[in-house]
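This report concerns charged side-chain contacts, an annotated domain and a surface patch. Please consult the sequence and the structure shown below while reading.

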Amino acid sequence: MPTSGARGGAESAATAARARQATTIPQPPTEPGHPLRVAVIGGGPGGLYAAALLKRLDPAREVTVWERNAPDDTFGFGVVLSDETLGGIEHADPVVYEALQRHFVRWDDIDIVHRGVRHTSGGHGFAALGRKRLLEILHDRCRDLGVDLRFRTEAPAGLADTHDLVIAADGVNSTTRDAHAQVFGPHVVHHHCRYIWLAADFAFDAFRFDIAETEHGVMQLHGYPYAADASTVIVEMHEDVWRAAGFADLDAAESVERCAKIFADTLKGRSLRSNKSAWTTFRTVTNAHWSHGNVVLLGDAAHTAHFSIGSGTKLAVEDALALAACLEEQPSLESALAAYEEERKPVVASTQRAARASLEWFENLGLYVDQPSRQFAFNLLTRSRRVTHDNLRLRDAGFTTSVEEEFGCPTGTPPMFTPFRLRGLTLRNRVVVSPMDMYSAVDGVPGDFHLVHLGARALGGAGLVMTEMVCVSEAGRITPGCAGLYTGEQADSWKRVTDFVHAQAPGTAIGVQLGHSGRKGSTRLMWEGMDEPLPEGNWPLVAASPLPYKPAGQVPRELTPTQLADVREEFTAAARRAARAGFDLLELHCAHGYLLSGFLSPLTNRRTDAYGGSLENRLRFPLEVFDAVRDVWPRDRPMTVRISATDWAEGGNTAEDAVEIARAFAAHGADAIDVSTGQVVADERPEFGRSYQTPFADRIRHRVGVPVIAVGAISSWDDVNSLILAGRTDLCALARPHLYDPHWTLHAAAEQGYDGPGVVWPAPYRAGSRRPQTGRTDAPKPRLSLRR
C-alpha cells in the first residue's frame, strides 16, 4: 500500500522542484566530464525514464539501454504512483505525464476485511496503471527521443571504459552492483514472509486488504485495480504458515488455484492468473555507496522498499528525476553523482524505515487479529507510521471517529487524554515524562534544580512524571552528580519534590526509577564526557562479570553471592525510603547496561554459577531484586520494570528474548513493562528512526498481555495518539520533547482544541491555555483584480 499517497511527501516535492529547474532552464556543461555517451543497464521504469530524461535534456547525448528480456516481458501487473511522483514527471516531461494520465485508474478508498467485517477508509488518493502499459509508454518516449533500445541483449562488459556514464538500473539482483561489491558495500536482508504476485480479471473498487485465518495460520491478500478490468493481487504469509499449508509442495498452477480458493469470498469465486509468478521472500537492499567512478546505481539496484507501501517504482522514477537534475546542475560528473547520492539517500532511508515497519507489521500479523475490528483496521492503516491519527482524520474523519468510539474515547477526546489504571493508580492521560539523568545532585541529594525540573514538568500536564535513575547506593552511582535514595537526607529531599507535585499539580503522578550503575559507574558528568572514567576520585565497580564497558574502562569486580544479597538489600532499603517519600509508582531499572541489565544480557553476563548461562539463570538475580522490592513496596502502588528489548549487537538479547524477559517480570507481578533498547554494550549498532523502539513494546504487549510503556523518538502528540489508538502501547514516554517544552502536554491539548479532565491547566496558567497570536490576521482581503 503506497502510504505516501497523494497527501504527503515533501521530499518528493523537492525532487520535483529540482527536476523542474533542470528541465526548464538547462545549463550547459562547464567541464568535459559532462556525460555525452550514456549506457543504461536494465529496461525497467527507472532505467527507461532516466534514459528519456537525459536524452531530452541534451539531444546530442548518445543514450543506449540494454535489457536482457523482451520488450513486453514483465513479472508484475500493476504499478501505483503517488501524486508527488507524478508532479515531478509532469514538470520534467509533460509528454510522458499526459500519456500516463490517459491510462490511470484512480480511486480513494482502502477496504480492510477482518473476520468478515469490511471497514472502508476514504480520502487516500491512488493512481495505478498496468506495468506493461507503463513500459510501453516509456519505450515510445525513448524511441521518439532517439534513445537506442536493445532488447534481448545482455549489457556488454567494459561499458564504463567506452561510456561517460553507466546507470545500473538492473534490479534487486544487480550484477553491476555485485561486480563492484567491495565499493558499493551492499547489504541484503532476507525477510520472513513468502508472497506471490498474481492478477484478477476484474477491478477492485478500492485498495483491498483481506485477512484469512486458516488452520495453518494467518494469510493476507493485498489487492488494487490497475485497469478497468484488472487488479493486482498479492498473497502473503509467514514462512512458517506457508510451509504448514503445504505451498512448498505445490507447483505454480496449484498455488494459484489454492490462493483463489482461500480468498474465494474476496474474489467472488473468480480465478487468479499468473505471469511467471513464483513464491519468493522480500529482500531489503541497501548500499553504503551508490556510485563507483562513472557507474551509478538506480532503483532496486541501490535500494528496495517493501511492496506493502508501493514505493519500488516510485523510488526508481524519483531517482531518475534527481539524477538528471544533478547532472544538469553540477559542473562535473563526480560532483553530480555525489549530489545525487546526497539528495536521494535521506529520502530513500526514510521510505525504507516506513517500509520496514510495514513489512514487520505484516510478518507479525497474527499478533493483531484478535484486536477489535476497527482498531485492527486503524492499526493496519497506520502501520508504517507515515499515515497517522491526525493525517487519517483529515482524510476520513468519520472512520477515525468510529475507531475512537470503539476504543472508548469520549466525544472530542484525543486518545492520549483517556485515563489508564495501573493497580491502585489511575493516570489521567497516557503521557509519561521519561526518566532523564540530570547529573545535578550533590552527594546524592536532589536539590532546588530537581524541584524546579520535575515540578515544571508536573505542572506541564503529563499523567506521570518519572525521576531520573535514582541510585540505591553511593557505589551504585553513574557519576558524582547522580541522585540517590540511600540516606534519610536524600529521602527527605525527594519528599519535598513529591509534596510539591501532589499539592501544585493534583492529578499528576510522580514515579521513582531505582537502579544501580554496575560496570557503567564512576564516570564523568554527561557534558564532560559521557561514559568516560573520572580523571580522579574513582570508586570500585561491581557487575555480573568482570568486563569493562569500554576497552579502556575500569574493570568491575564480579559480585559474589554474599554481595548479591547486600545489593538486594540496598534496593529494598531504597524502596522503603521511596514509599515514605511519597512516590506513586516505582520502576526497577533493568535496562541500558546498568547492574541488573548486565545480568540479563549474555554479552555482559559470563557467569558459570546459578546466575549465568541460560536466560532463566540470567533472570534469577533481577527477579530476586524485583520480588524483594515488591514485598516492601505498598501493595496498592504499581511497580514497573524498564528493559532493553534488544542489545543491538550480535550474540546479545533479541526481541524474542525480550518477550520472555517481560513474561517473567509480569509473572512476578510487574504492572507494566517500560520498553527501551540498547546501551548495553559500547559497540552496539542501533537502527534509529521515528518511534523506532515502539515495535518492541508492541510485540511484548500482544505476546505477553502486559501493559507497556513505549519510549524512543516519540516526539509529537500525533504519534502518541496514533500509537495508543492502534493498540501498540498503553503509555508513551517522552524525554527530549519535555526538555524542549516542559508544558508539552498542555500545549498538545491546546493544539488539538481539547479541554477536559485528561489534562488540567494549573489555575495560574489558565490565561495561557490558548495559543498566542503570532501576527495580524484581520487584514482586508483583496476583492477585485484589475487587468491592464
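## A salt bridge between distant segments

Arg 115 and Glu 213 form a salt bridge in which the closest N and O atoms are 2.7 Å apart. Arg 115 belongs to the loop between strand E5 (110-114) and strand E6 (117-121), while Glu 213 belongs to strand E11 (residues 207-214), so the pair ties together parts that are 98 residues apart in sequence.

The model is predicted. In it, Arg 115 is partly exposed, its relative accessible area being 45%. Glu 213 also counts as partly exposed, at 39% relative accessibility. A search of the whole structure returns 39 salt bridges, and two further examples are described below.

## A pair within one helix

Helix H5 (residues 131-145) holds both Arg 133 and Glu 136. The side chains of Arg 133 and Glu 136 meet in a salt bridge, with an N to O distance of 3.0 Å. These residues are three apart in the helix, a separation of about one helical turn.

How accessible are the two partners? Arg 133 is partly exposed at 38% relative accessibility, and Glu 136 is partly exposed at 37%.

## A buried pair and its network

Arg 344 forms a salt bridge with Glu 318, with 3.6 Å between the closest N and O atoms. Arg 344 lies in helix H13 (residues 333-363) and Glu 318 in helix H12 (residues 312-329); the pair therefore ties together parts that are 26 residues apart in sequence.

Arg 344 and Glu 318 are both buried. Through salt bridges that share partners, Lys 314, Glu 318, Asp 319 and Arg 344 are joined into one network.

## The annotated domain

The UniProt record, an unreviewed entry, assigns the feature "domain: FAD-binding" to residues 164-352. Over this span, helix accounts for 36% and strand for 32%. The C-alpha atoms at the two ends of residues 164-352 lie 31 Å apart.

## A nonpolar surface patch

Which residues form a nonpolar patch on the surface? The patch consists of Met 526, Trp 527 and Met 530, which together have about 340 Å² of accessible area.

Met 530 is located in the loop between helix H19 (526-529) and strand E22 (542-543). Met 530 is partly exposed, with a relative accessible area of 46%. This value satisfies the patch criterion of over 30% relative accessible area.

Conventions
Residues numbered from 1 in each chain as written. Predicted model: local features only at pLDDT ≥ 70, side-chain atom pairs only at ≥ 80, totals over all residues. Heavy atoms only, no water. Salt bridge = Lys/Arg side-chain N within 4 Å of Asp/Glu carboxyl O. Helix = DSSP H or I, 4+ residues; strand = E, 2+ residues; numbered from the N terminus. Buried < 20%, exposed > 50% of the residue type's maximum accessible area, 1.4 Å probe, protein only. UniProt positions renumbered as here; feature names shortened; annotations may be inferred. Patch = residues over 30% accessible without salt bridge, like charges linked within 9 Å, V, L, I, M, F, W, Y side chains within 5 Å. Areas by Shrake-Rupley, 256 points an atom, 1.4 Å probe, with all protein chains shown as cover.
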